[in-house]
Amino acid sequence: MLSEDKAKDIWQQVLKQLRTEAGETVFENWLQFLNLESFEKGKIIISVQSKFHKEWIEPRYGNRLKTLWKSYGQNIENVSLAVNENITSNLPRRFLKEENSILSFSSPLDPNYTFEKFIVGPSNNFVAAAAERISESDEVSFNPLVIYGGVGLGKTHMMHAIAWKIRSNNPKRKVVYLSAEKFMYQFVRALREQDTMSFKEQFRSADVLMIDDVQFIAGKNSTQEEFFHTFNALVDQSKQIIVSSDRSPADLEGIEERLRSRLGWGIVAEIHQTTYELRLGILQSKVDDIKNCDIPKNVLEFLAHKITSNIRELEGALKRLVAHSQLVGRPVSLDTAYDVLHDLIRANNRKVTVEEIQKKVAEHFSIRLSDMSSARRARAVARPRQIAMYLSKQLTSRSLPEIGRNFGGRDHTTVMHAVSRIESLMLEDSSVADDLELLKRNLDN
Ligand code: ADP
Ligand code: MG
């Protein structure tokens, strides 16, 4: 049997050896916090203070740890790594201080959102290249990086991948990742607790600041102002800023001009709608991760063909199929795919465009299609035009400026006005509501 003293003794030797082999930097950043957790019946458990540490250490030093233990001690069956978050309490002050400050603003990262699991295709290869470039070097070559694109196309995945990569390349860099919503929440809290000084100081001590879904701060003026100042302070110190947004900076409404123009200083990279090949590639890589489930190739092709809206829905469809097949104990086939997913497939078929809306509305009111973009203000054309703008806002994912551009280069405020005008008319005038109902039904088919 291994006595406590003996175990501790071996552990010291193992650590010493690791230190020599791994070098001071790696030891200081990662390995010095390894802790001998328990050693019963030849089963050694070594703990680390976070999942993040475990995921970094395990593939690099896991096997070496085992070999070293076995070479120093007899009857050692098994050596494993576990997470024990309490270890932080034993950390040196230097580390503790950091944990309590800026890093506590950072949101946890999803271990699945890595570069390895991000499939690259024509719609996202530019973003992927810019992201890899940023993650590989400590030097700032462009600032900021703005990643934009529609929902479920991989913005958050890409942000996490960058954060993981920077952290593993250089654990000393303070990478702070959070959503714009959380940024606002922290800011409001600092205001309430009259502690904006330390809020400012802390954010300004980040080496890399990543803000997800920045469109959230549109129209929120004091948060925007604070973000703008943080942004400038960090850029001045050559610190990296990365933001994501659901639309391009040019199309962000409710964002002050000066911030909008700052966002365009570096690289603005779009994640486009997916292609069939990318969808198929992603499905294939996900299927490889699922155990005990065979999915025929033609089903994957069917999904990639039918579920085109975004990758989140595509993944959701695959999960539903797998869950269904496990529940009923039948293999996945084209028939079951169609059965289980018909609602999703129907929703994906329906993709109305602004042009279709304009055409249908013009027909409905017997006006010329060209009047949708003409300057005529007569009520007989202005009202249908407003209705078409309203429907474009409701039924497509176009932004107000994009819609405005489709209506003869009108300003987004004109579209906004049209939307609220039609909303109130619908309440006042039932014939307007009926027209809209009819139009919507027509457009749905
Ligand atoms: P967004 O933040 O743009 O709304 P997410 O990053 O949350 O989208 O992505 C939605 C889902 O799709 C996630 O599960 C993500 O892992 C997956 N996904 C997106 N793009 C890719 C890709 N290129 N390769 C693999 N998975 C992807
Ligand atoms: Mg997201």
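User: Which residues in H9 do Phe183, Met184 and Phe187 in H7 meet?
Analyst: Happy to start there, keeping in mind that this is a predicted model. The H7 side of the contact is made by Phe183, Met184 and Phe187. On the H9 side, their partners are Ser222, Thr223, Glu226, Phe227 and Thr230.

User: How do the residues of the contact of H7 with H9 divide into nonpolar, polar and charged?
Analyst: Phe183 and Phe187 of H7 and Phe227 of H9 are among the residues that meet here, and phenylalanine counts as nonpolar. Across the contact of H7 with H9, the split is four nonpolar, three polar and one charged.

User: Is H7 roughly parallel or roughly perpendicular to H9?
Analyst: Let's look at the axes of helix H7 (residues 180-192) and helix H9 (residues 221-236), which come within 10 Å and cross at roughly 100°. Angles of 65 to 115 degrees count as roughly perpendicular. Therefore H7 is roughly perpendicular to H9.

User: Now for the ligand: what distance separates an oxygen atom of ligand 1 from an N or O atom in the side chain of Lys155?
Analyst: Good one to check! Lys155 is one of the residues that come nearest to ligand 1, as are Ile119, Gly152, Thr156 and His157. From a ligand oxygen to an N or O atom in the Lys155 side chain, the distance is 2.8 Å.

User: What percentage of the area that ligand 1 exposes when taken alone does the protein bury?
Analyst: Side-chain N or O atoms lie 2.9 Å from a ligand 1 oxygen in the case of Arg312 and 3.5 Å in the case of Tyr113. Ligand 1 taken alone exposes 560 Å². Of that area, the protein buries 94%.

Definitions and conventions: Residues numbered from 1 in each chain as written. Chains lettered and ligands numbered in written order. Predicted model: local features only at pLDDT ≥ 70, side-chain atom pairs only at ≥ 80, totals over all residues. Heavy atoms only, no water. Near = heavy atom within 4 Å. Polar contact = N/O pair within 3.5 Å; in protein donor to acceptor, adjacent residues only side chain to side chain. Areas by Shrake-Rupley, 256 points an atom, 1.4 Å probe, with all protein chains shown as cover. Axes fitted to C-alpha atoms, helices over the stretch in contact; angles between N-to-C directions. Helix = DSSP H or I, 4+ residues; strand = E, 2+ residues; numbered from the N terminus. Parallel < 35°, antiparallel > 145°, perpendicular 65-115°, else oblique. Contact = heavy atoms within 4.5 Å.
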